[in-house]
Structures are given as structure tokens and as C-alpha cells.
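Here are a few notes to read alongside the model. Take them in order, with the viewer open.

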Amino acid sequence: MRYIPALITALATSLVLSAAGRAHAQEKVNFADHVLPVFQNHCLGCHNGDKKKGDLDLSSFSALMQGGGGGEVVETGDPDNSVLYLVTAHMEEPKMPPNKARIPDAQLALIKKWIEQGLIERAGGTAKKSDKPKVSLALSEVPLGKPAKPINIPQDLLLEPAERGIRTGVVEAIAHNPWAPIVAIASQNQVVLYHSDSLAPLGVLPFEERNPQVLKFTRNGNYLLVAGGRGAAVGRAALYDIQTGQRIVTVGNDFDTVLAADISADQTRIATGGPGKLVKLFDTATGEVVTAIKKHTDWVTALEFSPDGVLLATGDRNGGVHVWEAHTGRIFYTLKGHNGMITDISWRPDSNVVATASRDGRVMLWEMHNGRQVRNWGAHGGGVQSVEYTHDGRIVTAGRDRLVRI
């Protein structure tokens, strides 16, 4: 008879655990209620707000989403590509926690399920959508001329604005498709596409990061790169399919807006720059940073890949200009001459000459045989705002003097 109380206790415990298991099966796993307690027991001794080993803080959802020194540590919906899960499950080095037994299987299962279900922050929250590309973007050949097939004009995109402003705002960026009569105009929380011949609206592309600062069509005209964000808050770059309006790639998780961005001709790299003084190169297939360049001494304000995809030119607020090997990030040239902020960069179609524009009012041309300056002229009083090579090798500039020159 003395065993009956123990039996009752065991049965009660079993019922409680069974009920908890059913509750877990029914409810979505979330960070606050399920995952954070696991981290508190096993991880926060080394990964907290005061002691960030590997620059990783697991004490809050927002800190975890920022990742560590090597980038993001969780990939929504994909535990097999999430570093956090792989190291805690002892599937990859360094095994965590270090020099200790693996986290119990039931708790690892919670972490895995949380990632699979979309990294929900708390009960009732929504799952994060994956930013992984939904199409293969890499091109077998770099496009050097007009595509064989014409670019289709968007027909069925939504025309409802993402936001209706009380008053008009500043247009930070405009871009024209290189092979079709499509113009993109930046507006708050959105980009509006127009037919450049009829001026009819073609569609609205929502930009949830708020303020688009950069618009660039890919060299084959099929996609539009949009970059920007909110000052002292967030900065990202996103690639849209102009036929469907679908956002197919998102890269970056900066703490300030993106001021400069471009996509390589073969569509395998996206480069960004901004107030952080870094130039980051992202792989479009994974969204991961493949190179971070730290040479600029001030905000990165302009950048562009060469048409053949071999080089990348970047400029900053202090007038510094550098040219890099696009796929390695190794320095190629440092171009000295401007004494004002670099506002724009454009490559000649043959990739042998790059033009730089500056607030010092001058446009300079640099050839890539030895990095020599081949031309330098005062283009606009008060500063040059933009420079662009045309397909036939002419140059178009616009300035703070309200003039456009060819």
C-alpha cells in the first residue's frame, strides 16, 4: 500500500506532461515562452547583453535577430541552414554549450520547431517570411547589349498605393528601364511604376522599410533593385520582378538606411553602402554577406558594378573613390581628385572608363588601364547630383543648378 501515493504521483505527472505535450503540439512555438527559457538555462552565461561572445546576444528576440559577428544565426523555416541550431545540436563546430553535454533532445526539438514555424516572437505573433530567392537569378552570360526578347510591360500589378501621404514628399530616386518604356519613381513606403511614353501608372511596389533611396534596374531590364530604409533604424535592399511585382530577394539588416546599392551584371551579387562606412557584398542565392569592405573613412554615398561585372567602384561623403575586384573585394585602384561628397558613379558601356560626380561641381573620368584621370570638368555650379553614361557612350549630368546636360 505504501506504493500507491507514489503511483498516483507518477500518474499525475504523466498526465500533466501529456497535456503539456498536446498543448505544445497545438500551439505554435514562440521565443518568449518556449525558446528563451532554454537559452536562460544553457546559453546566456556567454551570450547576454553585457557579455556577447562572438558578438551574439540571445537574451532578447531583437538581439537574436541581429545575429553575431558572422551574420545571422537563424534562417526562418530552415533549421538545417541555421547556425544556432546546428551548433547546439552538435552537428557543426563549435559545439555549444562549449565543453558541456548537448542540450536535452526535447529542448533542441523546441528550438528546431521554432525555426521551422517561422521564428515567432511571442504567443499570437506572426511567422517571419523567408527572404531566400524564389527564382534562380544567376545568368550564364553577362548581358552586354539589348536582350533578344523584348521586356514585357507590367499588366496586372496592384495600383493601390501602399501609403497615401497628407502632403507631397521628396522624390529620392528615379530609374528608367534600359530596354522598355518603364520608369520607377520612389515614394514613401513604395515605388510607383509608370509607362514613360503614355505616363499611365503600371503598378505599385510596396517597400516596407519606408524610404527608398536607390532605384536601379538590372542590366537585362527584368528586375528592379530598391534600397533604403529608416535613419538610425533599418537599412535593406530588395529585388523585385517587374512583371509580377513579387519581392524575390531581400538582403541586409543594417541599423541605418542604405544610401548606395547596385546588382552585378550576372545577378549573383548585390552591393550596398551607407552611414556605417562599409561596403557589403551579398550573395543573391543565399542572402549572406560574402565580403565586407572597410576602407572608406566616411559614409558610402555611391557605388556601381562595371557592365562586364569585373569591377566595383565606390565613393564616399569625403570625396574618396575606390575601385575593387567585384567578386573578391580586393582593392584595384584608389582614385584621388574630388574634394566634395561623391554623389554618383557611372561606367562607360565597355567597362574601360568610370565617371564620378561630386558636390565639388566636377565630373571626372578615369580609365581602368592604370587608374589615370583622363578628363575633368566643372559640370554644375553648386554640385553635380547625378551622372549617367548612355548606351552610345554619351554622358548625361544633372546638378543643383537645376540643369540637365548631355
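**The hairpins around S14**

1. Start with the turn between S14 and S15: the two strands form a hairpin with four residues between them. In that turn, Gly319 has a positive phi of about 90°. Keep in mind throughout that this is a predicted model.

2. How many bridges join S14 to strand S15? There are five, and the two strands run antiparallel, with S15 covering residues 321-325. If you'd like a pair to click on, try Leu311, whose bridge partner in S15 is Glu325.

3. S14 also has a partner in strand S13 (residues 300-305), again through five bridges and again antiparallel. Here Ala302 stands opposite Gly315 in S14. S13 and S14 make a hairpin too, with five residues between them, and Gly309 in its turn has a positive phi of about 80°.

4. Is strand S14 buried or exposed? Six of its six residues, 311-316, are buried, so the strand is largely enclosed by the rest of the structure. Look at both faces: Leu311, Ala313 and Gly315 are buried on one side, and Leu312, Thr314 and Asp316 are buried on the other.

5. For a contrast, go to Arg402, in the loop between strand S22 (395-399) and strand S23 (404-405). Arg402 is exposed, with a relative accessible area of 82%. Its C-alpha atom is separated by 9.4 Å from that of Gly381, which is 21 residues away along the chain.

6. Now the helices and the core. The largest nonpolar core has 26 residues, and those with the most contacts inside it are Phe31, Phe39, Leu58, Leu64, Val74 and Trp114. Helices H2 (31-42), H3 (61-66), H4 (83-88) and H5 (105-116) each supply at least two of the core's residues. Apart from this core lies another one, of 20 residues, including Ile151, Ala173, Ala175 and Phe207. As background, nonpolar side chains tend to be buried together in soluble globular proteins.

7. Leu64 is a handy place to explore that largest core. What does Leu64 touch, leaving aside its neighbours within four places in sequence? The list is Phe31, Phe39, Asp57, Leu58, Val73, Leu84 and Trp114.

8. Helix H2 deserves its own look. Its buried residues are Phe31, His34, Val35, Leu36, Val38 and Phe39. At the N-terminal end of H2, Asn30 acts as a cap, with a side-chain oxygen 3.1 Å from the backbone nitrogen of Ala32.

9. There is also an open sheet of four strands, in the order S1-S2-S3-S4 and with antiparallel pairing. Strand S1 (174-176) and strand S4 (201-206) are the edges, each pairing on one side only. On average, neighbouring strands here are turned by 20° against each other, direction ignored. Within the sheet, six bridges join S2 (residues 182-187) to S3 (residues 190-195), and Val183 has Tyr194 in S3 as its bridge partner.

10. Finally, step back to the whole chain. It has five helices and 23 strands, and its C-alpha trace spans about 100 × 45 × 45 Å along the principal axes. Of the 406 residues, 46% are buried. Among contacts with a separation of 6 or more, 44% are between residues 24 or more positions apart. The chain exposes about 20,900 Å², with carbon and sulfur atoms supplying 51% of that area.

Note on methods:
Residues numbered from 1 in each chain as written. Predicted model: local features only at pLDDT ≥ 70, side-chain atom pairs only at ≥ 80, totals over all residues. Heavy atoms only, no water. Core = buried A, V, L, I, M, F, W, Y, C linked by side-chain atoms within 4.5 Å. Buried < 20%, exposed > 50% of the residue type's maximum accessible area, 1.4 Å probe, protein only. Contact = heavy atoms within 4.5 Å. Pairing = 2+ DSSP bridges. Axes fitted to C-alpha atoms, helices over the stretch in contact; angles between N-to-C directions. Polar contact = N/O pair within 3.5 Å; in protein donor to acceptor, adjacent residues only side chain to side chain. Areas by Shrake-Rupley, 256 points an atom, 1.4 Å probe, with all protein chains shown as cover.
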